[in-house]
Amino acid sequence: MHFSLPKLAAAAAIVVSSAAVLPANAQEPWTPTRPVRLVLGYTPGGAADAVARDLAPAMEKVLGQPVVVDYKPGAGGAIGVETVASAPADGYTIGLADVAPLTIIPNARKVSYDPMNGLSYIGVVSKAPMVILVNPSVPATNLPELLKLVRADPGGVSYSTSGLATIHQMSAELLGASTGTTMLHVPYKGAAPALTDLLAGAVKVSFSTIAPAVQIVKSGKARAIAVTSTKPVPAFPGVKTVAEQGVPGYDAQGWFALVGPKGMPPEVVQRLNVALNSALNTPALRDKLLSQGNDVVPSTPEAASELVKSDLQKWGRVIREQNLHFD
């Protein structure tokens with residue numbers, strides 16, 4: 001068969017055009033071919049590490065490649081987020097980040113990443129409320145009674161947290177902003193010393209995550225008077241939420257989200273989201289997270305982005321209203 005040169009050129013143009021269109025139209029599911037790095041902005045042994053260590057092997061089973069936890073601690077988790085934000089957007093570097101480096105710290109000081117426009121959001125991993133504890137010597141069995149004591153001695157009632165610019169501190173500051181009350185913040189380097197001084201009576205109140213508080217409340221060494229979520233917490237039956245005790249709309253929760261560098265292809269984000277949600281739906285991981293005081297929250301990438309946007313605005317407002325400085 002014989003073709004003229006013009007006809008051959010036209011046929012070649014059609015082939016080239018078709019080849020250019022196919023990859024855009026046919027987004028094959030992304031499958032990793034080498035290990036995936038899960039960056040964590042905290043040291044081994046803490047609450048974030050416990051989540052990462054349980055999440056990584058559960059995601060491995062779906063992705064078919066190892067998920068390796070890579071510790072980049074420092075600056076309240078911000079160094080971990082910086083590491084993810086500067087990585088190639090190919091799906092092989094993702095991060096487990098929490099509320100502090102994504103929504104609190106960016107409102108308090110300059111960071112090298114833009115939490116809304118400099119990252120790709122994969123999904124929410126879990127949420128975790130705080131519990132407000134008091135030393136047994138404090139004559140308060142509920143939140144209104146505690147607030148009455150605080151109003152009678154502005155700035156004289158001390159409370160402990162695991163550190164500055166944490167969700168623990170922001171839970172207390174939101175309570176103060178919502179009720180017009182002031183307590184004295186005593187930050188510690190971690191949850192253990194913060195609770196130790198509560199039990200010793202060095203501070204009167206503590207804002208704590210759920211897991212470490214359960215046993216000390218059961219033993220009678222501290223009293224739980226409120227939880228900071230919008231619904232009661234099974235670990236503390238009978239303990240009402242802050243909102244139920246006269247502070248309508250109050251909601252202060254920590255959370256973990258899976259993030260990646262800006263510009264990750266949609267098929268990569270989608271594959272990682274499927275792996276995340278599949279992992280969260282396995283009974284072993286779900287039960288482990290629940291036992292640590294987390295509420296398991298499978299979600300879409302869009303829902304994760306909206307959560308960050310909402311908390312950025314909320315904590316920014318509280319930081320300005322309370323005139324907070326984290327130096």
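I looked up the largest nonpolar core in this predicted model, a core being a set of buried Ala, Val, Leu, Ile, Met, Phe, Trp, Tyr and Cys residues joined through side-chain atoms within 4.5 Å, where buried means under 20% relative accessible area with a 1.4 Å probe and protein chains only. I found that of its 53 residues, Ile132 and Leu146 touch the most other members, and that helix H11 (residues 301-321) gives the largest share, seven residues. Leaving out residues up to four places away in sequence, I list Ile132, Val134, Val138, Ala140, Val205 and Ile225 as touched by Leu146, with contact taken as heavy atoms within 4.5 Å. I also noted a second, separate core of 31 residues, which includes Trp30, Ala58, Phe256 and Val268.

I then turned to a helix pair, helices being DSSP runs (H or I) of at least four residues, numbered from the N terminus. I read an angle of about 120 degrees between H2 (residues 47-63) and H9 (residues 266-280), with their axes 8 Å apart; the axes are lines fitted to C-alpha atoms over the stretch in contact, and angles run from 0 to 180 degrees between N-to-C directions. On the H2 side I recorded Leu55, Ala58, Met59, Val62 and Leu63, which meet Arg271, Leu272, Ala275, Leu276, Ser278 and Ala279 in H9.

For the whole protein, I noted that buried residues make up 49% of 327 and that the C-alpha trace spans about 100 × 40 × 35 Å along its principal axes.

I kept to numbering from 1 along each chain as its sequence is written, and to heavy atoms for side-chain values, without hydrogens and water. Local features need pLDDT of at least 70 and side-chain atom pairs count only at 80 or more, whereas totals for chains, interfaces and linings use all residues.

How values were computed. Helix = DSSP H or I, 4+ residues; strand = E, 2+ residues; numbered from the N terminus. Buried < 20%, exposed > 50% of the residue type's maximum accessible area, 1.4 Å probe, protein only.
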